[in-house]
Amino acid sequence: MRQLYLNQAALSARATTVIRDAQNQSCYLLVGKWGLRADVLTVYLIDGSLEAEVRQESLGLLPRFRLLYHRQPVGHVSKTFGVIREVLFVRGLNWVIMGNLNSGRFRIFHGRELIANIAPVSADGQTISLAVDQPDHEALVVCLAAILDRWAKHQQRRLNPLKNRGWAPGLSSEVAPFVTHERDPKGD
């Protein structure tokens with residue numbers, strides 16, 4: 001399995017992300033943005049030729065994304081309601097993604113065949129490792145890693161709403177301090 005590495009901070013910042021191999025050679029570029037319907041993330045080879053795309057087709061609680069490989073639709077992925085939140089399906093490719101959004105560790109299978117492993121490399125989680133079985137799957141796994149990273153960021157925001165609203169008790173200048181007044185024992 002070939003190892004690829006991508007910078008999670010650049011992925012979250014809507015910047016161009018360079019995907020490198022184990023020898024630190026640039027292999028792919030990930031370009032685009034999320035958030036609105038019809039937004040696209042595109043994976044290019046380093047020479048500039050288009051490899052894969054992921055298009056956001058819907059918004060809301062269960063956003064849907066379409067995967068394209070060499071400009072041909074090959075599948076779609078979306079969140080589903082249900083008991084098993086740690087399993088996602090890539091319809092069209094018949095891939096199953098198993099893992100945990102909190103830890104950022106995932107395994108992608110086609111039947112019993114392992115397609116890829118996605119895991120954070122460093123303790124701070126700023127670098128993601130992608131171990132992919134075939135060169136034809138690499139660009140699609142990069143797209144799926146971007147989708148999973150986005151869903152993980154949204155889940156972390158939901159788990160800690162005060163952190164993301166910029167509100168912390170006692171730190172805001174708009175909140176008046178609580179002051180107690182002592183009462184005069186004579187009743188004055």
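**A barrel, a helix and some salt bridges**

Hello everyone, let me start with one pair of residues: Glu138 and Arg2 form a salt bridge, and their closest N and O atoms are 3.2 Å apart. The two partners come from distant parts of the chain, with Glu138 in helix α2 (residues 135-159), Arg2 in strand β1, and their positions 136 residues apart in sequence. By salt bridge I mean a side-chain nitrogen of Lys or Arg within 4 Å of a carboxyl oxygen of Asp or Glu. Helices (H or I, at least four residues) and strands (E, at least two) are DSSP runs, numbered from the N terminus.

Before going on, a word about what you are looking at. This is a predicted model, in which local features need pLDDT of at least 70 and side-chain atom pairs count only at pLDDT 80 or more, while totals for chains, interfaces and linings use all residues. Residues are numbered from 1 along each chain as its sequence is written, and side-chain values use heavy atoms, leaving out hydrogens and water.

Back to our pair. Is Glu138 buried or exposed? Glu138 counts as buried, because its relative accessibility is 1%. Arg2 is partly exposed, because its relative accessible area is 34%. For these words, buried is under 20% relative accessible area, exposed is over 50%, and partly exposed is in between (1.4 Å probe, protein chains only).

Strand β1, where Arg2 sits, covers residues 2-7. Leaving aside residues up to four places away in sequence, Arg2 touches Asp21, Cys27, Leu130, Ala131, Val132 and Glu138, where contact means heavy atoms within 4.5 Å. Take Asp21: it is 19 residues from Arg2 in sequence, and the C-alpha atoms of the two are 7.7 Å apart. Arg2, Asp21 and Glu138 are in fact linked in a network of salt bridges.

One step along from Glu138, if you follow the numbering, look at His137, which also has its place in helix α2. His137 is buried, because its relative accessible area is 14%. Which residues does His137 touch, apart from those up to four places away in sequence? They are Trp95, Ile115 and Val132.

Now for the overall picture. In this model 12 strands close into a barrel, with antiparallel pairing, and the order simply runs β1-β2-β3-β4-β5-β6-β7-β8-β9-β10-β11-β12. From one strand to the next, the twist averages 20 degrees. Those angles come from axes, which are lines fitted to C-alpha atoms (for helices over the stretch in contact), and run from 0 to 180 degrees between N-to-C directions. Strands count as paired if DSSP finds at least two bridges between them.

Let's walk along part of the barrel. Strand β4 (residues 40-45) pairs with strand β5 (residues 50-58) in the antiparallel sense, over 5 bridges. One place to see this is Tyr44, whose bridge partner in β5 is Leu50. The hairpin of β4 and β5 has 4 residues between the strands, and Gly48 there takes a positive phi near 105 degrees.

From β5 we move on to strand β6 (residues 64-69), joined to β5 by 6 bridges, again antiparallel. Here Val54 stands opposite Leu67, and Gln56 has Phe65 as its bridge partner. How many residues lie between β5 and β6 in their hairpin? There are 5, and Gly60 in the turn has a positive phi of about 105 degrees.

The structure holds 5 salt bridges, and this region offers two to look at. Arg55 and Glu53 meet through their side chains at 3.3 Å, N to O. Glu53 counts as buried because its relative accessibility is 12%, and Arg55 counts as partly exposed because its value is 37%. Glu57 and Arg64 meet in another salt bridge, at 3.2 Å, N to O. Glu57 counts as partly exposed because its relative accessibility is 25%, and Arg64 is partly exposed because its relative accessible area is 29%.

Arg64 brings me to my last stop. The side chains of Arg64 and His76 are joined by a polar contact of 3.1 Å. A polar contact is a pair of N or O atoms within 3.5 Å; within protein, one must be able to donate a hydrogen and the other to accept it, and residues adjacent in sequence count only if both atoms are side-chain atoms. His76 is found in strand β7 (residues 72-78), and is buried because its relative accessible area is 16%. Beyond residues up to four places away in sequence, His76 touches several residues, among them Arg64, Phe65, Leu67 and Phe89.

Thanks for listening!
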